[in-house]
Amino acid sequence: MTTLLIRGGQLIDPAAGVDGPRDVLLKDGRVAEIAAAGKLKPIEGTQVLDATGLIVAPGLIDIHVHLREPGQGYKETIATGTAAAAAGGFTSVAAMPNTIPVNDSPETTRWMQAPERGASVRVFPIAAATRGSKGDTVNDFAALKSAGAVAVTDDGHPILKENVMRETLAAAARVGLSVIQHAEDTRLTQGASMNAGPVAFKLGLRGMPTEAETSLVERDIRLVTDLRDARVHLHVAHTSTLGAIAAVRQARRNGLRVTCEVAPHHFLLTEEHVGLYNTNAKMNPPLRSAADRDAMIEAILDGVVDAIATDHAPHATHEKEIEFERAPNGITGLETALGLCLRWLHREWKLPLGRVLSLLSAQPAALLGLKGRGTLAVGSYADVAIFDPKAEWAFQAKESKSKAKNTPFDGWAMQGQIRWTISEGRVVYTHIA
Amino acid sequence: MNATAPAARRQLHTPEPPVSPFPYNPGSLLSVEHLSLEEVSHLLARATVLENEDPLVRNRILAKRRVALLFYESSTRTRTSFELAAKSLGADTTLVSNLSSSIEKGESLKDTGLTLRALGAEAIILRHNSSGASWLLEESTHLPVLNAGDGMHEHPTQALLDLRTLLAHLLPGTEKVHAKTLAGVTVTIVGDILHSRVARSNMLLLPRLGARVLLCGPTQLLPDLAVNAGPGIAIERNFEAALAQSQGIMMLRIQAERLAGLQIDLEGYKATYQLTGERLRTHAPSALVLHPGPIIRGLELTAGVADGPQSAILEQVRHGVAIRMAVVERALTIEKKGARA
């Protein structure tokens, strides 16, 4: 393996408490040495990256992506999805199990991580909590974990049955896995395609009430409370309602191990962005009211949110060019996350850069227990994102590395541009200016 | 500041909502919101001119122009009146319905629209069961698209013909309308507001002419947030109280096909909201009764009211042909800004 020297950059490693000019030496896929700027000299055969004026940060970690393989390679493949991840500065992605077949087996879990998939960055499968994600029979979590699964979830098919969710939480805790819930009481959202409220009424669309999300988060927290087991970890996926955030905040005060993530679209956009039936603004959970969106921003700024996750959900163009009610849910997110977070969370809302990067690396790594990731401490994986924090640019969906172009952020102004992405010591993305 | 209130939220600048690119084609009529009051006046005036025109002169206006009617839902009034309107202006029309076309084989709305355009259609009249379908079709084809009802969303030509009907009775001879034309007029829309595109188009159009729109119905079919759809809209759940304030009463059918599992107690509904001769005589003896059809006699209104002297239901149908002539004419003759041929 080659040796890489990153020279002259500003190293920001929140987990290690570092924010200053440093040289970083990567060797054999690991961080070999960190030294004051200018101290490290390249020896023969060392590739040198000049990071003058750039930020050197731990590679970003997205704990909520849909890579569509196995089964729906026409939407995205593990190769194209991870290429998009690399372009966005991500070096680890956690892939949801709503594939075809559903990833509820050690075989599929291993298949997703096999070298033949051609992944640019590390893929961590999240396995289905129940057989076929049908919400009835809890899977063998020990076997899934040893195959490489880092958490369990039934993502788009939330576990509604209380006894099954209780058993899932307890069984996952026994083997040290997190349970991720897409909180939606689907009994309240039948036939609905956007947030319930005045905009949905005016557009003549059936609405998904915020209670559908909030009530299931509250129910799950109650189950965690009742289990009285410190190993139980509930993670709330793509939190989008004021009430859900309030419930998580309270659970934390009560000392429970309950975490949550927020997607960029939920802290930036509202139901107004659906416009006139823009299917690229259709996702689940839907874009909510301004009050909900503002609650997401507040919760990020005051530290209740543990991770920014994109819910990258690629779809073929023709699948989105249909009637709004019939169009599938989801938008892509891997290539816009950093640019939006820096543009809005950092520049506009003054969240310190170190905290933005922590939400995109150290915290998600800690949340899923990804050892040696999310930091550039010596000995860690050589996962690095090197970016120009001052660069302003406009994202063009048609230039995306993803197979899919379904994003509401086409043409949006971004802050901060990735120059290089390094995954386990290999340069997997180089920005060509 | 109340000490127990949560800390005042920082005033944050957030991304602006998008600017609508619609309509792509100036001849389109997707929503009543796209029409200025000058355009409404123009359509009303043209409706009268075209209605009174010699049929042999009239059918030269759009001679041999091609208009497609694309219908994904059954329809009697709207389809027939659009067809008669286009034909009486001399246009060739073709009807494509979801039951006898490649739509049955799974062709998408976009592809069907592109196919019609390739066949030479110069405008498409669309009736569809999904809200927003007309927007999708217009974006896909850039042809003039006339929205003949999209799901639960809008039915702009119905609102225009309802306006023409109201004006004919309340202010005969009025064609030029402005923001105060209907000042002092209250129109009550009764029944299944939630699922009604007719209600939405009317509640967005009539207040712009100064009318007050009262919405009346049970919460299941009329959520409180309906008042936020636009200015000049209020809810009055007491039917008799609403009737007593109204010069126009618009009755709606319960849309069984769109209830999506909602259970409606029909006997209870009739007891509270059915327009009976007795109710009409007692509370609104001179109000005009409208209904977009199809009517269900004995449910939302009694047969006696439907056929009675205050009923304008069949008159509405007649106004529909005139309004649709004006709308089809506009679609094919309006000048594209900056465009040539």
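Colleague: Which domains does the domain assignment of chain B give?

Modeller: This is a predicted model. For chain B, the assignment splits each domain over two stretches of sequence, written as pairs of ranges. They are domain 1 (32–154 + 319–332) and domain 2 (156–256 + 263–318).

Colleague: How many residues does the contact take from domain 1 of chain B and from domain 2 of chain B?

Modeller: The centres of domain 1 and domain 2 of chain B, taken over C-alpha atoms, are separated by 25 Å. Residues of domain 1 of chain B meet residues of domain 2 of chain B in a contact. Domain 1 of chain B supplies 26 residues, and domain 2 of chain B supplies 26 residues.

Colleague: Which element gives the most to the side of domain 1 of chain B that touches domain 2 of chain B?

Modeller: Helix 1 (37–52), strand 4 (145–150) and helix 12 of chain B each supply at least two residues of that side. By class, the side has 12 nonpolar, nine polar and five charged residues. The element that gives the most, with eight residues, is helix 1 of chain B.

Colleague: What is the average pLDDT of chain B?

Modeller: In chain B, 95% of the residues score at least 70. Over residues 1–8 of chain B, pLDDT stays under 50, and the model has zero contacts beyond four places in sequence for them. For chain B the average is 93.

Colleague: Is strand 1 of chain B enclosed or open?

Modeller: Strand 1 (residues 66–71) of chain B pairs in the parallel sense with strand 2 (residues 92–97) of chain B, over six bridges. In that pairing, Arg66(B) stands opposite Asp92(B). Five of the six residues of strand 1 of chain B are buried, so the rest of the structure leaves this strand largely enclosed.

Colleague: What ipTM does the predictor give the complex?

Modeller: The predictor gives two scores for the complex. The pTM is 0.95, and the ipTM is 0.94.

Colleague: Which element of chain A gives the most to the side that touches chain B?

Modeller: The contact between the chains takes 28 residues from chain A and 29 residues from chain B. On the side of chain A, helix 5 (198–203) and helix 9 (290–301) are the elements that give two or more residues. With four residues, the element that gives the most is helix 5 of chain A.

Colleague: How many residues of the side of chain A that touches chain B are charged?

Modeller: The residues of this side of chain A divide into three classes. Nonpolar residues number 12 and polar residues six, while the charged residues number 10.

Colleague: Which strand gives the most to the side of domain 1 of chain A that touches domain 2 of chain A?

Modeller: Chain A is assigned domain 1 (4–56 + 381–430) and domain 2 (59–368). Between them, 30 residues of domain 1 of chain A are in contact with 44 residues of domain 2 of chain A. The elements giving two or more residues to the domain 1 side are strand 16 (384–394), strand 17 (413–423) and strand 18 (426–430) of chain A. With eight residues, the one that gives the most is strand 17 of chain A.

Colleague: Which are the edge strands of the open sheet of eight strands in chain A?

Modeller: The eight strands of this sheet in chain A run in the order 6-7-8-9-10-13-14-15, and the pairing is parallel. An edge strand here pairs on one side only. The two are strand 6 (60–65) and strand 15 (307–308) of chain A.

Colleague: How many residues of strand 7 of chain A are buried?

Modeller: Strand 7 (residues 90–95) of chain A pairs with strand 6 of chain A in the parallel sense, over four bridges. Across this pairing, Ile61(A) stands opposite Ser92(A). Strand 7 of chain A is mostly covered, and the buried residues number six of six.

Colleague: Which residues have the most contacts inside the largest nonpolar core?

Modeller: In soluble globular proteins, nonpolar side chains tend to be buried together. The largest nonpolar core here has 232 residues, and helix 12 (residues 313–333) of chain B gives the most to this core, with eight residues. Beyond four places in sequence, Val152(A) touches residues including Ile126(A), Phe141(A), Leu144(A) and Val179(A). The residues with the most contacts inside the core are Val152(A) and Ile124(B).

Notes. Residues are numbered from 1 along each chain as its sequence is written. Chains are lettered from A and ligands numbered from 1 in the order in which they are written. This is a predicted model: local features need pLDDT of at least 70, side-chain atom pairs count only at pLDDT 80 or more; totals for chains, interfaces and linings use all residues. Two residues are in contact if their C-beta atoms, placed from the backbone, lie within 7 Å. Ala, Val, Leu, Ile, Met, Phe, Trp, Tyr, Cys and Pro count as nonpolar, Asp, Glu, Lys and Arg as charged, and the others, Gly among them, as polar. Domain bounds come from an automatic or database domain assignment. A nonpolar core is a set of buried Ala, Val, Leu, Ile, Met, Phe, Trp, Tyr and Cys residues joined through C-beta atoms within 7 Å. A residue is buried if 20 or more other C-beta atoms lie within 10 Å of its own, exposed if 12 or fewer, and partly exposed in between; C-beta atoms are placed from the backbone. pLDDT is the predictor's confidence in each residue, from 0 to 100. Two strands pair if DSSP finds at least two bridges between them.
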